[in-house]
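The following exercises concern a ligand site, a nonpolar core and a single loop residue. Each task is followed by a solution in steps.

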Amino acid sequence: MRDVLASLGLADVNPGGFDGEWFGSGPVLEVTSPIRGERIGAVRQVTRGEYDRIVDRAAQAFHSWRMTPAPQRGEVVRRLGDALRAKKKALGALVTLEMGKIAAEGEGEVQEMIDICDFACGLSRQLYGLTMHSERPRHRMYEQWHPLGVVGIISAFNFPVAVWAWNSALAAVCGDATIWKPAPKTPLTAVASIRIAEAVCRESGVDPAIFSLAMGTVEDVGEPMLADRRIPLISATGSCRLGYRVAEVVGKRLGRSILELGGNNAIIVTSYADLDLATRAIVFGAVGTAGQRCTSTRRVIVHRSIEKELTRRLIAAYRSVRIGDPRAADTLMGPLVGPDSLRVMQAAIAELRHQGGEVRYGGEPLTGPEYAGGAYVTPCIASARNDMQVVQQETFAPILYLIPYGGAARPADHDTLVREMHEAIGIQNDVPQGLSSAIFTHHVVEAEEFLAHSGSDCGIANVNIGTSGAEIGGAFGGEKETGGGRESGSDAWRQYMRRQTNTLNWGFALPLAQGIRFDV
Ligand code: UN1
């Protein structure tokens with residue numbers, strides 16, 4: 001542990017504010033590891049006054065950064081990607097230590113950071129605007145994308161560093177400065193990431209305040225950030241409750257927000273599914289990261305003809321999941337992030353039973369000496385109905401609800417096949433959230449029904465791939481209570497810039513649009 005911290009430049013107590021300098025004179029936040037409950041270190045958070053200073057400095061940094069040519073900004077982000085490559089093992093290990101995900105997933109998260117840096121570097125030469133044909137003679141119309149300003153990034157504990165990178169790498173090539181408010185459970189990975197970014201900026205002769213950090217309380221940083229007119233865009237990842245608050249406060253000042261909130265992700269398994277693939281995808285989606293991804297698989301909507309067989313396979317696979325210290329090479333499931341998560345999970349299981357659901361496997365806390373100090377639990381499989389209150393909500397824990405659809409046999413004709421597919425899609429869409437979804441089938445009609453306008457209503461819809469583990473190249477986010485925002489790939493970059501439409505008259509007359517005559 002000491003080696004990991006030292007190689008990332010972390011001390012025992014670390015300042016939680018950075019705007020080119022490190023500081024923090026607010027309350028000290030002790031950080032414990034979910035693995036054994038042992039103390040890792042501490043962060044001294046920033047005060048309200050220090051928060052103000054960070055915003056001012058970030059705004060200053062923005063003013064020169066926006067005039068740096070975009071490909072040069074891309075070069076800095078490319079170097080950030082290289083620095084992350086060099087620190088991948090150490091930063092991944094710190095993610096594991098601070099958040100509890102297994103080593104492979106900790107390193108995978110750093111890989112997401114590297115990938116988005118590569119993507120953003122290429123993007124820095126492709127911040128394209130359209131040109132339009134003007135209706136007026138000797139006029140030219142086009143649009144430009146200008147840097148937006150200071151972007152506030154609020155991230156969650158479950159992807160403590162990747163979500164910052166999705167936002168800040170794009171924001172940086174777009175010419176923005178960012179201020180990061182990390183989750184209170186994972187401030188050390190944030191300090192480590194900003195230290196890496198700082199070193200890159202210094203070597204590149206760039207103001208390091210473009211990657212600022214403001215670790216502080218909700219009162220000192222969170223709320224002021226939402227209401228702050230110096231911050232035109234807030235990108236927030238977390239619960240729907242957080243999202244409602246962000247939308248309210250940012251909306252009130254007509255600021256912009258990118259919201260990436262809760263999911264209630266389902267996999268539909270049809271009678272034409274490859275059950276081997278489906279089982280593996282479901283287990284990774286439901287058990288991976290101990291069910292604490294926003295993309296985690298929470299519901300399986302299974303055709304009645306294969307329900308028994310799929311349940312049998314899932315239970316067999318769950319039995320073989322190795323649960324324990326996430327640093328051990330063969331562990332597949334580490335602890336929940338803390339005792340509160342365990343309580344929430346237990347309450348959900350009790351509620352499920354109360355509402356008539358049935359636990360088919362797991363859901364028990366693990367208490368042996370090898371689990372001491374951590375919130376370890378066996379992942380849970382339960383039979384449920386989609387309209388149960390507990391199924392409608394996102395419980396951030398490894399509980400998987402099995403919900404049957406269709407008839408007892410594979411559909412005998414096309415009408416039945418389509419009708420049953422609509423039933424499954426109806427169940428899948430009948431939740432308040434709309435992040436990720438998947439279908440397992442080798443029947444092209446089922447797959448296309450699922451992807452049609454009348455199909456899945458989620459931001460992500462996959463065929464023969466699970467709900468979690470998206471690549472950075474696509475736009476990431478979802479509809480309904482998931483918040484509607486899109487981060488990461490595709491054209492998500494546009495939200496970090498302001499669009500300007502330009503019409504240029506190179507003639508000597510002043511014709512008006514729409515043919516209007518207004519002669520003076
Ligand atoms: C999240 O849980 O907030 O698709 C992000 C995935 C990851 C990102 C998850 N690439 O599961």
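A polar contact is a pair of N or O atoms within 3.5 Å. The model used here is predicted.

**Exercise 1.** Identify the residues around the ligand and examine its polar contacts.

*Solution.* Begin with the surroundings: Glu112, Asn158, Phe159, Trp166, Glu260, Arg293, Cys294, Thr295, Ser468, Gly469, Ala470 and Phe476 are found around the ligand. Next, apply the cut-off to the atom pairs. Thr295 places a polar side-chain atom 2.6 Å from an oxygen atom of the ligand. For Glu112, a polar side-chain atom is 2.7 Å from a ligand nitrogen atom. Cys294 takes part through its backbone, where a polar atom is 2.8 Å from an oxygen atom of the ligand. Finally, consider the area: the ligand taken alone exposes 320 Å², and the protein buries 99% of that.

**Exercise 2.** Determine which residues touch the most other members of the largest nonpolar core, and which helix gives the most to this core.

*Solution.* The core has 158 residues, and Trp164 and Val269 touch the most other members. Helix 6 (residues 162–173) gives the most, with 10 residues. As for domains, the core draws at least three residues from each of domain 1 (2–261 + 483–500) and domain 2 (265–475). Turning to Val269, its contacts beyond four places in sequence include Leu275, Ile282, Val302, Tyr405 and Phe440.

**Exercise 3.** Is Thr395 buried or exposed?

*Solution.* First locate Thr395: it belongs to the loop between helix 13 (389–392) and strand 17 (399–405). Its relative accessible area is 7%, and buried means under 20%, so Thr395 is buried. Beyond four places in sequence, Thr395 touches Arg298, Val344, Met345 and Ala348.

Methods:
Residues numbered from 1 in each chain as written. Predicted model: local features only at pLDDT ≥ 70, side-chain atom pairs only at ≥ 80, totals over all residues. Heavy atoms only, no water. Helix = DSSP H or I, 4+ residues; strand = E, 2+ residues; numbered from the N terminus. Buried < 20%, exposed > 50% of the residue type's maximum accessible area, 1.4 Å probe, protein only. Contact = heavy atoms within 4.5 Å. Core = buried A, V, L, I, M, F, W, Y, C linked by side-chain atoms within 4.5 Å. Domains from an automatic or database assignment. Near = heavy atom within 4 Å. Polar contact = N/O pair within 3.5 Å; in protein donor to acceptor, adjacent residues only side chain to side chain. Areas by Shrake-Rupley, 256 points an atom, 1.4 Å probe, with all protein chains shown as cover.
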